[in-house]
Amino acid sequence: MGQTVAVTTVDRARLADARAVEERRFVELHPRSAEFASSARTHLLAGVPMPWMVRWPGSYPLVVDRAHGARFVDVDGIEYVDFCLGDTGAMTGHASESVAEAVSAQSRRGLTTMLPSADAGEVASNLARRFGLAKWQFCLSATDANRFVLRFARHLQRRPRVVVHDWCYHGTVDETLVVLDAKGRTVSRPGAVGPQVDPSVTTRAVPFNDLAALDAALAHGDVAVVLIEPALTNIGIVLPEDGYLDGVREVTRRHGVLLAIDETHTICAGPGGCTAKWGLEPDFLVIGKTIGGGVPVAAYGMSDDVASRIEASTGADDIDVSGVGGTLSGSALAMAAMRATLESSLTAEQFAVAEPLAERWTRGVADAVAAHGLDWHVQRLGCRAEYWFSAPPRNGAQAAAAVDHDLEAFLHLWALNRGVLLTPFHNMALMSPMHSTADVDRHTDVFGAALAAIVAR
Ligand SMILES: Cc1ncc(COP(=O)(O)O)c(C=O)c1O
């Protein structure tokens with residue numbers, strides 16, 4: 001960090017005024033998006049194709065005209081530096097040439113037949129090399145991959161429950177939409193609608209970085225699998241403390257519980273995610289989003305031992321109704337997109353470009369924070385970085401307590417109005433080899449100016 005002056009705070013009155021100015025500016029800048037947003041309300045729930053798209057800053061979501069590399073252009077003709085990258089879905093860059101060619105070629109040769117295409121084995125080999133797991137399966141989303149892993153794990157272990165981290169996010173998987181309440185009970189996370197059953201029936205949540213809690217949760221003898229991100233990324237980046245992940249593996253093995261690692265976001269740590277980087281030894285591994293270069297695909301890998309047990313215990317005659325499925329999963333389109341992405345992207349050479357950009361972004365934000373005397377913090381994992389309005393949290397509950405919706409909304413909107421897009425959830429930026437140092441410095445300048453507009457004088 002740079003020179004720290006006396007700790008100061010955000011002036012809430014200045015923040016409210018500045019936000020109102022930015023809201024007006026957003027509307028002035030985006031008349032065409034406004035027209036689309038207004039007509040979209042006729043037949044789209046809340047005017048958007050997916051419920052969470054209402055989370056974007058501004059009075060209505062921007063409507064995108066086109067995207068390329070690390071940039072996109074909206075229907076008002078404004079270009080943005082994209083640090084969101086489709087919340088990792090476009091981490092390999094928008095409109096990648098190799099994916100466009102592979103998808104286009106496959107579209108002329110048939111997109112789906114329910115039979116394997118020749119690309120499937122190549123894709124599985126690539127994933128096996130990256131993550132060190134022997135056998136692979138494919139589906140349409142990381143949510144599905146997690147769901148299938150939980151199902152297989154319960155089937156193999158003949159145990160009903162799963163364990164996840166407090167404030168985790170693994171997609172819209174019922175068993176994982178949980179948090180711990182003030183009394184330490186596992187309950188539905190705030191905002192989760194229509195849970196199938198009381199989640200304490202299916203799940204025990206434990207705080208991140210708390211091995212004693214994990215040990216106690218597994219001691220009941222009813223847990224099939226522990227599903228974790230190796231670093232939390234969905235309540236901001238929360239890094240594992242020294243020895244935590246080794247401890248998780250030791251405790252799970254001691255209790256005869258399978259370990260599933262979800263690398264969907266933590267692939268930001270390198271070509272084989274945190275699993276390769278930190279030498280982790282999961283029984284299952286889930287990876288979605290980025291591996292299709294924007295085409296909806298996901299994969300889950302498993303150890304040889306787990307694969308043999310599944311093969312020995314699932315019948316051929318009723319495998320189609322096992323609860324693990326998806327008619328378009330593993331399609332020729334999915335395989336072509338994944339092969340093109342994995343063979344051209346997410347390489348060590350590309351991380352060697354993206355990671356220093358994320359370091360530069362982190363330094364820029366930390367220096368601006370220090371220059372304004374704020375006691376905020378910046379966290380980084382590989383090419384992903386994030387700032388906090390607090391000291392670094394050590395678990396999900398601390399991270400959730402540090403969220404400041406007003407501040408977040410203002411900072412996102414300020415950046416958006418100056419051509420910089422962050423993820424809509426918390427304060428995260430993802431760097432890619434398509435970004436430049438000028439892109440990163442632009443964020444630093446915009447961020448510094450935003451702080452100047454709201455800190456107490
Ligand atoms: C770690 C992790 N796993 C799984 C998912 C679910 O991905 P999808 O929404 O593409 O199914 C997400 C989504 O943000 C995620 O962050």
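Analyst: Contact here means heavy atoms within 4.5 Å. This is a predicted model, so local features need pLDDT of at least 70 and side-chain atom pairs count only at pLDDT 80 or more, while totals for chains, interfaces and linings use all residues. Residues are numbered from 1 along each chain as its sequence is written, and side-chain values use heavy atoms, with hydrogens and water left out.

User: Among contacts between residues at least 6 apart in sequence, what share joins residues at least 24 apart?

Analyst: Start with contacts in the protein between residues at least 6 apart in sequence. The share of these that joins residues at least 24 apart is 75%.

User: What is the radius of gyration of the protein?

Analyst: The protein has 14 helices and 16 strands; helices (H or I, at least four residues) and strands (E, at least two) are DSSP runs, numbered from the N terminus. The globule rule (2.2 Å times the number of residues to the power 0.38, with the radius taken over C-alpha atoms) gives 23 Å for 457 residues. The protein's own value is close to that, so it is as compact as a globular protein of that length, with a radius of gyration of 22 Å.

User: Is Leu285 buried or exposed?

Analyst: Leu285 sits in strand β11 (residues 284-287). Leaving aside residues up to four places away in sequence, it touches nine-strong company including Phe131, Trp136 and Tyr300. The cut-offs are under 20% relative accessible area for buried, over 50% for exposed and partly exposed in between (1.4 Å probe, protein chains only). At 0% relative accessibility, Leu285 counts as buried.

User: How far apart in space are Leu285 and Phe131, C-alpha to C-alpha?

Analyst: Leu285 touches Phe131. In sequence the two are 154 residues apart, yet their C-alpha to C-alpha distance is 8.0 Å.

User: Which residues of helix α6 are buried, and what arc do they cover?

Analyst: In α6 (residues 211-218), the buried residues are Ala213, Leu214, Ala217 and Leu218. They lie on the same side of α6 because the arc they cover around the axis (from the directions to the C-beta atoms) is only 130°.
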